[in-house]
Each structure stands twice: as structure tokens, then as C-alpha cells.
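User: Please take a close look at one part of this model and set out its surroundings in detail. Then relate that account to the rest of the assembly.

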Amino acid sequence: MKWALAGGVVALVALPAVLSSYALTLFILIFFYGFLGQAWNIVGGYAGQLSAGHAAFVGVGGYTATMLSIELGLTPWVGMLVGGALAALLGAIIGYLGFRFGLRGFYFVLLTVAFAEICRVAVSNIDALGGPLGLYITFTGNPRQFQFQDGRVYYYIALALMLLATLIAWAIERRRFGVYLAAIREDEAAAEALGVNAFKYKMLAMVVSSFLTGVGGTFYAFYLFSLQPNTLFGIPLSVEIIIRPIVGGAGTLFGPILGSFILTPLAEISRRYLGQGGLYGAHLIAYGVLLIGVVLFLPEGAYPRLRRALARRAGATR
Amino acid sequence: MSLLTARGLAKRFGGLHAVAGLDLTVARGEMLGLIGPNGAGKTTVFNLLSGFLTPDAGDIVLDGRSIVGLAPHAICRLGLARTFQIVRPFPRMTVLENVRVGALARSPRAGEALARARDVVARVGLGTRERVPAGALTLADRKRLELARALATGPALLLLDEVMAGLNPTEIETIIQLVRAIHESGVSILLIEHNMRAVMALSQRIVVLSFGERIAEGAPADIANHPKVIEAYLGEEYVRAAPA
Amino acid sequence: MDLTLVMQGVLSGLLFGGVYSLMAVGLTLIFGVMRVVNFAHGDMMVWGMYLAYMLATRAGVDPYVSFLVCAAALFALGLLVQRGLVDRIVDAPHEMQILLMLGVALVLENVALLAFGPEPTRVRSPLASATLWLGPVFVDVARLVTFLVAVTLTSALGAFLYRTDLGRTIRAAADNTYGALVIGTDVRRVYAVAFGVGAACVGAAGALVSPILPFQPSTGLSLSVASFNIVIIGGMGSLLGAFVGGLLVSLAESLGAVFLKPSLKELFSFSLLIVILLFRPAGLFGRRSA
């Protein structure tokens, strides 16, 4: 397992040498959505708190870094941390309200959606943030401005983000923190009775998750050079964030990555071929069908199934 | 000196007095039985003591410290652990992982906690089922698991809520042995139990609850013949026998 | 403060509330019987609107007639969703139901987007241009008719649930599934009927509102949010609560629109949702349930 992982990472590091520019873009998106999925996985998967408004954190992070860069000339390398911190603050507020008031399941989903939508409408109405049209970033190609002539730099940054989030998830998983999150997900009252401070650990999970997602917002903004409230805060982005870990296996270390390798190419292909000619929303229909299919036929996601299949094969050859 | 003292404990649900001004003490090293007809308020008492409910009035002192208003996890860390009447295993975790959650309360390091959990699992006789997902256990084994998880938190006082309900006589016999062994290892125990034979065999002292109030208290032999106790139970039988 | 404007707001709010009540009664019926939250409720309603739109533009049927067809069509859709999807996971963990219904909502909204495009439309009805003056305030005749029909339908549904055997069985199942199982009710049939009726409510509501509310595929979300606001205020599962809550939320939104910029109206609804979620305890008429 260790060797396979190391081999995989080495292969991904070497890959840009042989990739076409379109394939490079595809991999950047796979890593980036894998990163966002892994960040969501910490609170949505391990802790089992279904946040359906994670786009809010992307939006807060992206807008913060961009405004700091445009207005104060602060480099996005620092701005991304400030954006992450503000996103974590929003996460803490949402978490505090949701967990203190005991909102579970459906009620927590509604709370997170409501916050994301409020952010979207509010930002659309603030002229200083560009209103409904959003902000545009002039391309300078200056690395200090988080801009690169060479697309491979974005590739490595996105890869690093995904690996970083996965490392954090791994560290959580093997510590008391992770064991406690799993216990909370399974049965919160029983966990409390065994000395688990459920509120504290859910808050921690929410803060870590929203911080990472906020950092992702900076990458999103400076990779695309533009931010619109409807795309950065909108429900479709929240759906993009949660669908990969759910398809891959929520609450597993490699679920979000596997989910991104499966879904991102599909989404890009459908956007490329169906999105043209006014076929709006085609890939969201596919996501809807996929969600239904996963719930009905693969409720734990693809990764646990894959792992068992591999273990069986390994057992058979031995 | 007593390990746990509750004074004037009261809890109402709507107009119903579930617990009405109850005094209760558990001495260090004691095994105390809490019995009473259905709806007497026994489980409510457990919920009050373990912090799942906040009392409307009264005080609870554990080891010289008031624990009223503390959250369940904080009370657990102060040395009071409980089981649930309807067992609540973490179904997708294995037996060992379940018990490790409890063990982490005393050993924050994952490795130590695992070793500690393994000990406890062996103690309750689930050693061979360590790697079985809790959802796949029989009821008798789930009851053992419930006990093991609470035990792993290293309690000074263990609250057991009907750990024998639903088991057959042979299984009850082994659980009685187990509870006795836990008690002998130095853990004080407060026991809710419907199985009279088990309560009588295990308890050093018994408190009888009816409509949220203590109606009798004493050694098992005295309780069995106490007129108020007989009345309370007969009353229940009568209600049960009446057509619905 | 212009008093006439406020009175006008109160009047339009109450009249529009009839539709909200019908919509929320549908949601609370589904929840009460199955403990499943229909995340696709607003999107189903949008389909009711587009059906009315197609019947009006292709066949020239007035929405005040076609609402019956729309109700029947949505009944079938509800039945299909229940039998084909929800029924398979009634016992699954809560998150699974949430994800399933989110999936259904995504499909319904985006199929509408694919079929009809993102631009807002509305359905023309001859009634829509008529107004009545009541002293200083005017009554939009279309709103009045919509209100009357919606209230009639809600009352008819109430009569069905309280006066017929099937209706009583549905309410019994809502109160106690296990008990209903024991006395030999076909619970699956009850579930299917309840989901169908709940969806039919929004089918009719959608058609009835189509002449007075411009709509587009994304309208579904704001309708879902309004439905959630109403049933949480009224108490999840309570029919009377949904009815009264519908009038109240519509009134609040209408007055909100008088005082706030139109673009901030959405902000108002979502803020209302958060406040309601946090202080939800039991609703107006509800029993507490999670």
C-alpha cells in the first residue's frame, strides 16, 4: 500500500512532462476538486455533518484574497491564508449556531444552504465587491500575484493542495480526533456518554474544513481570473464539492480523490459537448442521477468497494 | 464517605413529576440496586446523574464535587460512566474500535487506548469477537459491548441500565458473574434491573422508586418483604392485567 | 409610512398565502406520513407551472382549468418518486434520504432548465388583467381566484384526510407507522398515496400561481425555502400549522417586499429560515420531531 502510494505520487509529479495542455487543465481540475472534496470530507464525511453550503467558504476565501490584492496590493500567497481565516470564522459561526442549537440532518443542511445563499445575495448587492458581475483580475503572469505563464505551476499547486488536505485528513483519522469524529457520526449521545465533547470536535472539524475550503477559493479566483457571486457562492458549486466524496466514499481517506478522478473528467466532457449549444444544466442532471444511483446501489461509495475487491484479489493470488 | 450523593433531585416533563425530590447516596465500593415498576423514573434518574438531563431542582455531588449542569462528556471524565437501556453500539465500528472510543477518555494516545481497549474487551469475554462489526453482534454480546465501552472510560462509578433485559437465563448468569467481577475490581455500581433474582443476588442495598419517589430502602432480604414494595408492584400487575 | 401601501401589502400577502398554504400542506403531509423531507418540493411545483404553461400555449387551456390536469400529473410523478426511489430506502440512515431527495431536486430543476431555458416566463390568463378596487386598495382578480381555488383545494384535502377511510388511514400511519402495520394497513400503499397527494398539491399550486408569478427553473429553490419556512413554523407534520403558516409567511414576505429593495427579498426569506431553524422548538401547532 505504502509503495503503491509513493509510486502514485511520483507518477503524478512526473506526469506534466507528457501531458497536452488540455489534459493538464483536466488534471488541475481533478486535483482542485479532489482538494475541495477532501476538505469537505473532514466535516461532512468523518464527522457526518452534511454541509450543503461549502461554496460559501470558497466565495469568502476567493473574494478576500482578490480584494486584498486589488485594493492593498497584498500578495495572494498571504491573502489566501487571510481568506482561509475568514472562511474559518464563517465556518465557526455556522458551526456554533448549528451545533449549539442542536440542528441535525435535514435542519443542518438547511442552515448551511441558507448561509451560503445569504452570502451570495449579499455579495451580489455590494457594489464595492463588484455586485452581480463580480471581480476580474488582470493577468500579469507575475508569480508574486499568483499568476503563472506556465500552466504546469498551477498543476503542481493543485496537486500540493490535494496532497496537503489528504495528509491532514490522514493525521486526523489516526488520532483521537478522528476516532471521536467517527463516534459522533455513528451515535452522538453514545459518544457523549463515553467522554466525547461532541460540540468541541464538531466545531474543530468545521473550522479545519472551512479554512481549507477558503484557501481553495484563492486558487479558484486566481486560476480563472474572475469571480462571480453566482458561481462562487452558488448551490451548483456546493454540489460539485459534496458529490465527489460521496461517490468516492465519504469518511474514507481516498474517497474524495477517487471520486474526483471519476467525476471530474465526466463533468468536463459533458460540459464540453453538452454545455455548448445552450444545453444548460446537463451535467447537473447527471449529478442528480448519480446521487440517486449512489444512494440506492453504492451507499458507502466507490472506494470501500474497490478496496474490498483489491483485497480479495490479493488474497486469491497468495 | 459517599462517592455519589444526590439531594432533592426533581425533574418534571410537562405536568408529570418523573422524579420528585429524590435523595440517593452510593457509598464508595458499594453495589446499589435501583428498582421500581415501569414508569417509576429510574431511567430519568440515570439521565439526571449522567448529565443527559438537567434537574429542575436538587444537587448531585460526585467525589466531593457538584456535577449539576455539567455536560455528559465532562461527567464521564470525572469518573461516572453509564450504559443505555437500549444499547447504542457504533454499528459500523468493530468491537475493539467501539471500546477504544471509551478508552481514549483515559489514554489520549491512540496506541495506548487500543491496548487498554483490548484488555477490557478480553475482560468482558469478547476477545474472540474483537474484529466483528458491532452491528453484527447478538443482543447478549451487544450488552457486553455496552458494558465494556463504559468500563473502558475508567469509571469510579458505573451506572448500569438493565444490562440483563432480553437475555436468556444462561446469558444472565454470565452477566451476573461479569458485573460481580467488575465490582470486585473496585468499581462502585448503581444498577437498574427488572430481573429480581439478579438484583437480589448482586446488590448490597436496594432503593425502591415509585412515581419518582423513594418508597423503600434496605437490604435485599428486607426489600423483598416490604409491604409498600409489594403494593407498588402489585399495582403495576393490576394495571397490566386490566384491559387496554 | 404610506398606510395604503402597507394595506396593499397585507392584502396581496394574504391572497398569495392561499397558494403557500396548499404547497406547505403537501410538504407536511409527505413528512408527517413518511418522515422524509421532500427537498424537491419547490422543483415539483415549478413543473406544475411549466405544465400549465405548455397547456396554455400549446392547447390554449386556461391555468384555472388546467390546474386539475397538473395536479393529476404531479400525483403520478409523486407516486413514481415514492415507489421507485424513496420506498427503497425508508429504513436507511437519514443522510441517505437527504442525498436522494437532493438528487431528485437536481434532476427536476435541471431538466426544466434544459427544456425551457433560464429566462423567466409567465402564463397569460384573461383574469390576470382585471382588478377590483376596494376603497384605496385594489384586488388583483387573478390573485383572488387563485386564493379561492387554493383554499377550496386545501379544504377538500382536509375533508379527504378527516372524512374518508383512506384519509383516516393516512393520518393513522402518520401518527404511528408501527401501529398501522400491526392493524394490517398496507403501509406501502398509504405511503405512495400520501407522496402522490403531497406532490399533487404543488402541481395544482404551481398551475394556480403561474398567471401571477413570473417563474424560471431556479424559482424551485425559493419555493422550497418558503415551504420549509412554513412547515417549520407551523410544526413539521401539522396540517393546520402548514395552512396557517402559509398565510403568515406569505404575509411576512409581502410586507418584507414593501419595506425592502426587491433584490433583498431573498435575503429576507433565508434570514427568516435561519431564525426559524434556531428557534424552531415545536412550531405553532406541531409536535416536536427531529
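Analyst: Leaving aside residues up to four places away in sequence, Arg214(B) touches Leu22(B), Asp23(B), Val207(B), Val208(B) and Leu209(B); two residues count as in contact if their C-beta atoms, placed from the backbone, lie within 7 Å. The model is predicted: local features need a pLDDT of at least 70 and side-chain atom pairs count only at pLDDT 80 or more, while totals for chains, interfaces and linings use all residues. Residues are numbered from 1 along each chain as its sequence is written, and chains are lettered from A and ligands numbered from 1 in the order in which they are written.

Arg214(B) belongs to strand β10 (residues 213-218) of chain B. Helices (H or I, at least four residues) and strands (E, at least two) are DSSP runs, numbered from the N terminus. With 16 other C-beta atoms within 10 Å, Arg214(B) is partly exposed; a residue is buried at 20 or more such atoms, exposed at 12 or fewer, and partly exposed in between, with C-beta atoms placed from the backbone. Arg123(B) lies 91 residues from Arg214(B) along the chain, and 35 Å separates their C-alpha atoms.

Elsewhere in chain B, α3(B) and α4(B) pack at about 115° with their axes 8 Å apart. Axes are lines fitted to C-alpha atoms, for helices over the stretch in contact, and angles run from 0 to 180 degrees between N-to-C directions. The crossing of these two helices is right-handed, that is, the near helix is turned clockwise from the far one by less than a right angle, and anticlockwise would be left-handed. Val95(B), Leu96(B), Val99(B), Arg100(B) and Ala103(B) of α3(B) meet residues of α4(B), among them Ala113(B), Ala117(B) and Val121(B). This contact comprises nine nonpolar, no polar and three charged residues. Ala, Val, Leu, Ile, Met, Phe, Trp, Tyr, Cys and Pro count as nonpolar, Asp, Glu, Lys and Arg as charged, and the others, Gly among them, as polar.

Both α3(B) and α4(B) are among the elements against which the buried residues of α5(B) pack, as are β6 (80-82), β7 (157-161) and α6 (169-184) of chain B. Twelve of the 14 residues of α5(B) are buried, so α5(B) is largely enclosed by the rest of the structure. Helix α5 (residues 139-152) of chain B reaches 20 Å from its first C-alpha to its last, close to the expected 20 Å; the expected span is 1.5 Å times one less than the number of residues. Gly154(B), with a positive phi near 65°, follows α5(B).

As for the assembly, chains A and C share the most contacts of the two pairs of chains in contact. Their contact involves 33 residues of chain A and 33 residues of chain C. On the chain A side, α5(A) gives the largest share, eleven residues, and the residues there divide into 27 nonpolar, four polar and two charged. Chain B and chain C do not touch, their nearest C-alpha atoms being 12 Å apart.

The predictor gives the complex an ipTM of 0.89 and a pTM of 0.89. Chain C averages a pLDDT of 85, with 92% of the residues at 70 or above; pLDDT is the predictor's confidence in each residue, from 0 to 100.
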